[in-house]
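Hi,

Here is the structure I said I'd pass on to you. Have a look at it first, then read my notes underneath.

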Amino acid sequence: KRGWEYGLVNVAAFLAQSMKETIKYDACDENSWDLIQGKYPLSNACGQLGQSYQDYHCPEHEKHMECPVDKNMEITATTHAKWYGAPAPLFCKPKQGKNDFTGSWDYGFMCNVGWVDPPIVCDDYEGQKAGTFDHSEPVANRAGRTDVEGCCWWGRGVIQTTGVVRDAVFL
């Protein structure tokens with residue numbers, strides 16, 4: 001009897017989430033925000049808060065909807081956070097060798113320093129105010145990843161769907 005009311009509540013919740021996640025912050029892609037021991041691991045693209053987005057799986061009867069993980073895929077997110085020193089957009093790429101790793105985003109690096117010779121500029125993304133990539137050592141995300149191979153499944157879209165399952169089910 002009240003199914004239509006539950007439907008309206010779901011639509012309202014969806015629109016509210018849309019406003020909060022994407023419209024208010026102009027975010028179509030998940031931001032790298034999981035700070036670990038003072039560093040933003042570049043491998044946050046693989047999952048944040050201990051998640052591994054590429055390892056989500058469908059129940060057996062829905063396996064046909066699961067997207068395959070392509071280790072050769074290369075993608076860079078189109079949006080990112082806008083705070084001072086915010087990490088660059090998430091990205092994924094294949095390993096170049098067995099010892100290939102990703103480091104972290106150094107949010108404290110000062111760029112746009114025009115008074116030194118040569119000048120230091122922020123050029124990793126448009127609107128960047130500070131920060132830089134630091135590939136000097138491997139830095140693991142909470143799930144232990146130190147690379148971004150096959151990690152092209154970060155949150156996207158209005159409700160920030162993540163993983164090989166969620167994208168497939170919603171598409």
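Let's start with Phe 133: at 28% relative accessibility, this residue counts as partly exposed, because buried would mean under 20% and exposed over 50%. Keep in mind that you're looking at a predicted model, not an experimental one.

Now for the ring that Phe 133 pairs with. Trp 105 counts as buried, with a relative accessibility of just 1%. Trp 105 and Phe 133 make an edge-to-face aromatic pair, with 5.1 Å from centre to centre and 90° between the planes. Trp 105 sits in strand β4 and Phe 133 in strand β5, so this pair ties together parts of the chain that are 28 residues apart in sequence.

How many aromatic pairs does the structure hold? There are five. Another of them joins Trp 105 to Tyr 125, and this one is tilted: the centres are 6.1 Å apart and the planes are at 40°. Here strand β4 (residues 104–106) provides Trp 105, while Tyr 125 comes from the loop between β4 and β5 (132–134), so the pair links parts that are 20 residues apart in sequence. Tyr 125 has a relative accessibility of 11%, so it counts as buried.

Put these rings together and add Phe 91, and you get one aromatic cluster: Phe 91, Trp 105, Tyr 125 and Phe 133.

Trp 105 turns up again in the largest nonpolar core, which has 23 residues. Which residues have the most contacts inside that core? They are Trp 105, Val 148 and Trp 154. Both β3 (91–92) and α2 (163–170) supply at least two residues each to this core.

One more spot to click on is Asn 141, in the loop between β5 and α2. Is Asn 141 buried or exposed? Its relative accessible area is 4%, so Asn 141 is buried. The side chain of Asn 141 reaches the backbone nitrogen of Arg 145, at 2.9 Å. If you leave aside the neighbours within four places in sequence, Asn 141 is in contact with Ile 36, Pro 41, Ser 43, Asn 44, Cys 46 and Gly 47.

If you want a place to begin, try showing the side chains of the four-ring cluster of Phe 91, Trp 105, Tyr 125 and Phe 133, then go over to Asn 141 in its loop.

Cheers

Methods:
Residues numbered from 1 in each chain as written. Predicted model: local features only at pLDDT ≥ 70, side-chain atom pairs only at ≥ 80, totals over all residues. Heavy atoms only, no water. Phe/Tyr/Trp six-rings, centres within 6.5 Å; stacked < 30°, edge-to-face > 60°. Helix = DSSP H or I, 4+ residues; strand = E, 2+ residues; numbered from the N terminus. Buried < 20%, exposed > 50% of the residue type's maximum accessible area, 1.4 Å probe, protein only. Core = buried A, V, L, I, M, F, W, Y, C linked by side-chain atoms within 4.5 Å. Polar contact = N/O pair within 3.5 Å; in protein donor to acceptor, adjacent residues only side chain to side chain. Contact = heavy atoms within 4.5 Å.
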